[in-house]
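Visitor: I would like a close look at a single part of this model, namely one of its pockets and what surrounds it. Could you take me through it with some care?

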Amino acid sequence: MTDLNAIVSTFSSEDEQRFINYLEKKNKRSDTKNIELFKLLAENELTSKDICKTIYKADNKVAYHALRKRLYQSLIDFIANLNLEEENSVDMQIIKYILASRTFLIHKKPEIAYKILDKAEGLAQEHFLFPILNEIYHTKIQYAYMNPSVDIDVLISNFRSNQKQHFLEEELNMVYAKIRQTLNDMTYKGKVLDFNTILNNTLKEYNIDVSESLSFKSLYQLVSIVSLSALATNDYLKIEPFLIDTYEKIKNHKNKYKQLAFHIKVVYMIANTLFRNKKFNTSLEYLEIMKSLMQQQRKKYHSTFKLKYTLLTALNLNYSNEQEEAILLLESVKQTKHTDLESLLDIHLGLVMFYMQKSDFKQAKTIFSKFYHTDKYYIEKAGKEWVIKKNLAEIILYIELSELDLVESRLLSFKRSYFDYLKNINQERVIIFINLITLYFKNPDKATSSEFKIKVENAFTWVDEKQEDIFVMSFYAWLKSKMESKPLYTTTLELIKKAKTVN
């Protein structure tokens, strides 16, 4: 059965009302039940079976299925018409120019035709519409014999230059697709792959020169590829200058309004990179830009990006000693019904972390109790790295709550499930951390001893503090707080402050 709930969940409240108005105009009979069905789906409180009984007062599966099919088609028509209305009209205008010019050429009026084609060419160049430019140059070259004032060599040169740009955009699109697939295999399937080597080899395979002039879409994809590289290697410092410099090029593109979703994604990537590099104030500045972009075009993308924006804002606030505000922010959206399940999971895990840092372990456990699915389920939805963080947080939480039997079982389960994987991806630091947690768990009184501190110092291969992952630092802060007998949040902020000073 078509998942109408998923489609309806993408609608803003304004879109919902516009669609209802659309159905009211479309309905020819007064007893049509499509509006009732849509409203029930938008409320998202009843199961499909309950909706059927509400509408028909009986379990009329045949009629209900037919009603859903009709509503589905109406939704598709409405969305398509809405996008046509809101889509920048430049593409259609240029196509009209091309069609009109060909009519004049057929009637042997080349002077008029080429003036129209010149206008079309200027617009297409301005908006980086390479496929349409191809049609314009094709037409100009085809009928060049009719217009003696045309320099055919210049036309051919322009045509080939455009082909190169178009080819580059298509090649980059394929690189983007391959890199996304590679990261997907690493994140959601747990495959052990050398991401950097694959990235460099793929760029070479497609002869991508990152210094070449690219369209807005291509620049966005290039930024995405570089960001994916940082995600795989945890080296966000290296990519920060590139992202910001690239955005300076992107933000002034004349077609930025047409590709608003790409614009929002780029700004979010920069804000996230700055957060990972512990530059919280600057990250919040970019989040303000993101927020303003989300308000554009009648808040078309506000719902789509709301959770990502809220989570990243809260993370920045939390590590800027604004913990209460961060908690309130995430609490306000944790019950949101949204298709972005990964962000919802991140929000709940973020709250667990915030409450643990606050030493409110009972509240952290309450939030954690919502994670009742298996690890396999969460790996499919959020990735293996997320599941490892969740399990580490759970072990620490049970230690703090003195639920000793659960600590034992979770430690054993973690070692059995993830130690081989962590060794294969060269993340022995997590294994060392678990071993130190086990040592503390068995002998908590020795945490403040010189012997334990020396063991911790010698156990890790320490990364430069300015490069160290902020979430890795957060887990280490728990261990350090035990060694120094300090509150966890205080210890965390001290580590962050020290790292920022190094920056």
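Guide: What follows goes from the second largest pocket to leucine 284 and then to the nonpolar cores. The model is a predicted one, and the second largest pocket in it encloses about 800 Å³ of space. Its lining is made up of 36 residues, and those lying nearest the centre of the pocket are Val8, Ser9, Thr10, Phe11 and Ser303. Sorted by class, this lining consists of 14 polar, 13 charged and nine nonpolar residues. At least two lining residues come from each of several helices, among them H1 (4–8), H2 (13–26), H3 (34–43) and H5 (61–86), as well as H15 (296–299) and H16 (302–318).

Turning to leucine 284, this residue belongs to helix H14, which covers residues 280–294. When residues up to four places away in sequence are set aside, leucine 284 touches Thr313, Asn316 and Leu317. Between leucine 284 and tyrosine 309 there are 10.0 Å in space, taken from C-alpha to C-alpha, while in sequence the two are 25 residues apart.

As for the nonpolar cores, the largest comprises 101 residues, and Met290, Tyr319, Phe414 and Ile437 are the ones with the most contacts inside it. Tyrosine 319, once its neighbours within four places in sequence are left aside, is in contact with residues including Phe275, Phe280, Met353, Gln357, Ile470 and Phe471. A second core, separate from the largest, has 22 residues, with Ile20, Ile35, Leu67 and Leu82 among them.

How values were computed. Residues are numbered from 1 along each chain as its sequence is written. This is a predicted model: local features need pLDDT of at least 70, side-chain atom pairs count only at pLDDT 80 or more; totals for chains, interfaces and linings use all residues. Side-chain values use heavy atoms; hydrogens and water are left out. Helices (H or I, at least four residues) and strands (E, at least two) are DSSP runs, numbered from the N terminus. Contact means heavy atoms within 4.5 Å. A nonpolar core is a set of buried Ala, Val, Leu, Ile, Met, Phe, Trp, Tyr and Cys residues joined through side-chain atoms within 4.5 Å. Buried means under 20% relative accessible area, exposed over 50%, partly exposed in between (1.4 Å probe, protein chains only). On a 1 Å grid over the protein atoms alone, a cavity is a set of points where a 1.4 Å probe fits but cannot get out, and a pocket is an open set with protein on both sides within 12 Å along at least five of seven lines; lining residues have an atom within 4 Å of a point. Grid points are joined across faces, edges and corners, and a volume is the space filled by probe spheres set on the points. Ala, Val, Leu, Ile, Met, Phe, Trp, Tyr, Cys and Pro count as nonpolar, Asp, Glu, Lys and Arg as charged, and the others, Gly among them, as polar.
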